[in-house]
Amino acid sequence: MTLAARPRRRDVLAAAGAVSAGAVSLAAGVWGVPRLHAALRPAPEALSEGVVVGAHGALQVLAPGESVDYLPGTRLPADPAPWGMDPQQRDELAQRAALRQQGARLPHGRWGSLAREALDDLLALTGPTLVDDGEAGGVLDFPVGAVAAAPVGGWRYVWPRDASFCAAALSSVGLYQEALGVLGRLASWQDETGALEARYTLSGRPPDQRPRQTDGVGWLMWAVGRMLADGVSVADLETALGHCLARTTSRLLWLTDTASHLPAASPDYWEVPESVLTLGTAAPVLLGLEAALGLARAGADLGADPERLEERVATVRQAVERGFAPGWGRHVRQDDVDAAVVFVLPPFTTELAGARGVRQDAVARMSRPAGGVAPGSSWRRDGVSWTPQTALLAWSGVVLGMEEGPRLLGWLESHRTRVGALPEKVLADGSPAGPAPLAWTSALVVLAAGA
């Protein structure tokens, strides 16, 4: 069956695009759109069930309620006929998928299957590939290393934050070239000052006037540091990323060259305007500086000597503690805890003063009826669990040896869609909502499962 013979999918995709554009604006209350009271917001709806690789390798979106049986280890259909393919083309695409994943080291045991499916989705959302754009015969090109946050509507953009975590996940299972491709794509979009936009189209343009988000620069360097820790050589990193390492280091030093030694307020992963500095911005900048220091000590040419970086890291660590301890809240000198508290603890960094105590009851303070968490304790009380923040706390819990770590991983596993994709949200009744799969959640699950 050809794409043109599947109107139901295209109808759903068109609706998803309209819904997502409103959801991104109204739910977040961002940039000129007033926040709506929770009671006035429509409940989130499922926008996709998952993805399938169809004819010519084009990524197609499964509409809510639609299902498919996958060829093991891929997002290719076991039965290719309904997707415009014959068995020979499907097998050729399977060989390409196997080559792309050659050498992947996935965890075995309890979390092996969960990690495997999360990785399959993550690679499906990472270029090079094509995606059905909802019009008859139309496709969008995902260039090498471009990671779509999700496959539908207003999520078909590349956020530096999400992409950096995807690179870290790919590196963690030994897919170093895939990871370098992701970071290399981000590096190619940096401006000469090292700044990154809040998000990009798949071709590398900012889609709107959304202000830059400072955390993206920190996450980019953090991901490079993860690759160094995973065994990738400085020479390979410098070859793949060129001037990116020096530009990013310079940007991080500039951001912290302030009276307080902290960066200015910026939107972060909540995607809302901020006039007060958040931990979700300050911590990634610190993590980026720490990664730069590790690279410099390993011999990377960053345009800054290790002694200067060491001094700046110590200064910024102290500044973050002064600004956020002891409450470790979302905002400076507040205790409105959010998921960013994990950024000042292992596996991200050595513990900052008092953060572990706040982390102990963070899940309880952020919990929602279905068993996941909201982005933070001050998030609206709409009953919705968010999978990226739940996955962040799961990874943190596993590394810290907390009982809730495996429990939260199990919750994520049991709240996937019918085809095994991790959705962005879970409603109070336990049903998936928003787009699926979500790249950031998939990446975090791979990292947590491997921990």
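1. Arg75 is buried, with a relative accessible area of 4%. In this predicted model, its side chain meets that of Asp121 in a salt bridge, at 2.8 Å from N to O. The two residues belong to distant parts of the chain, 46 residues apart: Arg75 sits in the loop between β2 (58–62) and α2 (87–100), and Asp121 in helix α3 (residues 112–124). Asp121 is buried as well, with a relative accessible area of 2%.

2. A second pair consists of Arg161 and Glu271, whose closest N and O atoms are 3.2 Å apart in a salt bridge. Here the separation along the chain is 110 residues, with Arg161 in helix α4 (residues 160–172) and Glu271 in the loop between α8 (244–255) and α9 (279–297). Both Arg161 and Glu271 are buried. The pair does not stand alone: through shared partners, salt bridges join Arg161, Asp162, Arg210, Asp215 and Glu271 into one network.

3. The whole structure holds 24 salt bridges. One of them is formed by the side chains of Arg418 and Glu49, at 3.7 Å from N to O. Arg418 lies in the loop between α14 (404–414) and β6 (425–426), and Glu49 in the loop between α1 (7–28) and β1 (50–53), so this salt bridge ties together parts that are 369 residues apart in sequence. Which of the two partners is buried and which is exposed? Arg418 counts as exposed, at 57% relative accessibility, because the threshold for that class is over 50%. Glu49, with a relative accessible area of 9%, is buried.

4. Gly434 also comes into the picture around Glu49: the C-alpha atoms of Gly434 and Glu49 are 9.4 Å apart, although 385 residues separate them in sequence. Gly434 is found in the loop between β7 (432–433) and α15 (439–449) and is buried, with a relative accessible area of 5%. Beyond its neighbours within four places in sequence, Gly434 is in contact with Glu45, Ala46, Leu47, Ser48, Glu424 and Lys425.

5. Strands β1 and β2 run antiparallel and are joined by four bridges. Val53 stands opposite Leu59 of β2. Four residues lie between the strands of this hairpin, in which His56 takes a positive phi near 65 degrees. How many of the five residues of β2 are buried? The count is five of five. Cover is present on both faces of β2, with Ala58, Gln60 and Leu62 buried on one side and Leu59 and Val61 buried on the other.

6. Helix α5 (residues 176–189) has 14 residues and spans 20 Å from its first C-alpha to its last, close to the 20 Å expected at 1.5 Å a residue. Its buried residues are Glu178, Ala179, Leu180, Gly181, Val182, Leu183, Leu186, Ala187 and Trp189. What do the buried residues of α5 pack against? Their partners are α2, α3, α4, α6 (215–229), α7 (234–241) and α8. Among these are α3, where Asp121 of the first point is located, and α4, which carries Arg161.

7. On cysteines, the count of disulfides comes to zero. Cys166 is buried, with a relative accessible area of 0%, and Cys244 also counts as buried, at 1% relative accessibility.

Technical notes. Residues numbered from 1 in each chain as written. Predicted model: local features only at pLDDT ≥ 70, side-chain atom pairs only at ≥ 80, totals over all residues. Heavy atoms only, no water. Salt bridge = Lys/Arg side-chain N within 4 Å of Asp/Glu carboxyl O. Buried < 20%, exposed > 50% of the residue type's maximum accessible area, 1.4 Å probe, protein only. Disulfide = S-S within 2.5 Å. Contact = heavy atoms within 4.5 Å. Expected span 1.5 Å × (residues − 1). Pairing = 2+ DSSP bridges.
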